[in-house]
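Grab a viewer and something to scribble on. Here is a set of exercises to work through with the structure open, each followed by a worked solution.

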Amino acid sequence: MKIVSIGADISANDTSCSRELIRKLEADIPILVDLGAYKAALTNITGDDVVISAFVDDSMTAKINRAIIHILKENSEDMGDLEGISGTPEGAGEGISYAEAKIRQDRYPDAIILSFDTYGGEEFVSNVANSTIKAAKGMDGVTDVSEEIKPGTRKIPGVGYVSEKTDDPVVAATIEDMESIGVVAGAMLGAALGNKNVYLVKRGSPSHIIPGSVIVSATAFLNGNIIDLAAPFEERTRILKV
């Protein structure tokens, strides 16, 4: 089994997602379970980007990926990143973001998903995303982490190709036990926020930031349940007054 996460900008504006868009996506996501996904959800809403994630058997990856794209297309306010998908590497453009990570068969499907949004395609966002991947790799309690963001065209199983112009990455890490969520997410967020001009936002917050910055949302996807990690980490990182 694995987690697959697909992120796309299908919003009518460049800073947020409308409540109607979110409502329609959430209404259609149960289709993924009907098609064979173990669990599925709209895990991240980051500025004008949405991320749909699903826990799937390996043999179902391509089928569920195609179904996620269908849901995004059917509900899009603007085709946006969906237009960058191509059947050939030569035709690929700025497109959807993709992450997948393996889950051990004897574990509940639990994961951490980070979603990044840029206003002007800030190039350093790939370094930010990769720093979170490196932070999670090799940690106790981590089963697998999605692959690093690399230059070049990328093939997404069951969907097609997107180019290196794709600029709002998604990162997924699968977790061995619930008690590791805080430790691993803390390391990943610490790595992200240690970079210049990166800000943690709550799920669904608009990207009202100074251009040249990057925002990140963090979600724990626990056996089908979604927990927005921004609020608890905001409390955890408050400096205690003495």
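The exercises below go through strands, salt bridges, loops and a surface patch of this predicted model.

**Exercise 1. Work out which strands pair with β3, and in what sense.**

Solution. Start with strand β1, residues 2-9: β1 and β3 pair in the antiparallel sense over eight bridges. To check the register, look at S5, which stands opposite S53 in β3. Another marker is V4, whose bridge partner in β3 is A54.

Next, take strand β2, residues 39-46, which runs antiparallel to β3 and is joined to it by seven bridges. Here L42 has I52 of β3 as its bridge partner. β2 and β3 make a hairpin with two residues between the strands, and G47 there takes a positive phi near 60°.

**Exercise 2. Is strand β3 buried or exposed? Do the same for β1.**

Solution. The cut-off to use is that buried means under 20% relative accessible area. For β3 (residues 49-56), eight of the eight residues are buried, so the strand is largely enclosed by the rest of the structure. Going face by face, D49, V51, S53 and F55 sit on one side of β3 and V50, I52, A54 and V56 on the other, and all are buried.

Now β1: eight of its eight residues are buried too, so it is also largely enclosed by the rest of the structure. K2, V4, I6 and A8 point one way from β1, while I3, S5, G7 and D9 point the other way.

**Exercise 3. Find what joins β1 to β4, first through bridges and then through side chains.**

Solution. Begin with the backbone: β1 and β4 run antiparallel and are joined by six bridges. In this pairing, V4 has E100 of β4 as its bridge partner.

Then turn to the side chains. K2 and E100 meet in a salt bridge, at 3.2 Å from N to O. K2 lies in strand β1 and E100 in strand β4, so this pair ties together parts that are 98 residues apart in sequence. As for burial, K2 counts as buried because its relative accessibility is 12%, whereas E100, at 28%, counts as partly exposed.

**Exercise 4. How many salt bridges are there, and which residues form a network of them?**

Solution. With a cut-off of 4 Å between a side-chain nitrogen of Lys or Arg and a carboxyl oxygen of Asp or Glu, the count comes to eight salt bridges. The network links R104, D106, R107 and E176.

Zoom in on one pair in it: the side chains of E176 and R104 meet at 2.7 Å, N to O. E176 is in the loop between β9 and α5, R104 is in the loop between β4 and β5, and the two are 72 residues apart. E176 counts as buried at 16% relative accessibility, while R104 is partly exposed at 36%.

Outside that network list, look at R203 and E26, whose closest N and O atoms are 3.5 Å apart in a salt bridge. R203 sits in the loop between β10 and β11 and E26 in helix α1, with their positions 177 residues apart in sequence. R203 is partly exposed at 27% relative accessibility, and E26 is partly exposed at 40%.

**Exercise 5. Which residue in the turn between β11 and β12 has a positive phi?**

Solution. First get the strands: β11 (residues 214-222) and β12 (residues 225-228) pair in the antiparallel sense over four bridges. T219 has D228 in β12 as its bridge partner. The two strands form a hairpin with two residues between them, and the residue you want is N223, with a phi of about 50°. N223 is not a glycine, and it counts as partly exposed at 23% relative accessibility.

For a second case, try N197, also a non-glycine, with a positive phi of about 55°. N197 lies in the loop between α5 and β10 and is partly exposed at 36%.

**Exercise 6. Which residues form the negative surface patch, and where is D78?**

Solution. The patch is formed by D14, E77, D78 and E83. D78 is in the loop between α3 and β4, and its 39% relative accessibility makes it partly exposed.

Notes: Residues are numbered from 1 along each chain as its sequence is written. This is a predicted model: local features need pLDDT of at least 70, side-chain atom pairs count only at pLDDT 80 or more; totals for chains, interfaces and linings use all residues. Side-chain values use heavy atoms; hydrogens and water are left out. Patches are made of residues with over 30% relative accessible area and no salt bridge: like charges are joined within 9 Å, nonpolar side chains (Val, Leu, Ile, Met, Phe, Trp, Tyr) within 5 Å. Accessible areas come from the Shrake-Rupley method with a 1.4 Å probe; for residues, only the protein chains shown count as cover. Lys and Arg count as positive and Asp and Glu as negative; His and the chain ends are not counted. The place of a charge is taken as NZ of Lys, CZ of Arg, CG of Asp or CD of Glu. Buried means under 20% relative accessible area, exposed over 50%, partly exposed in between (1.4 Å probe, protein chains only). Two strands pair if DSSP finds at least two bridges between them.
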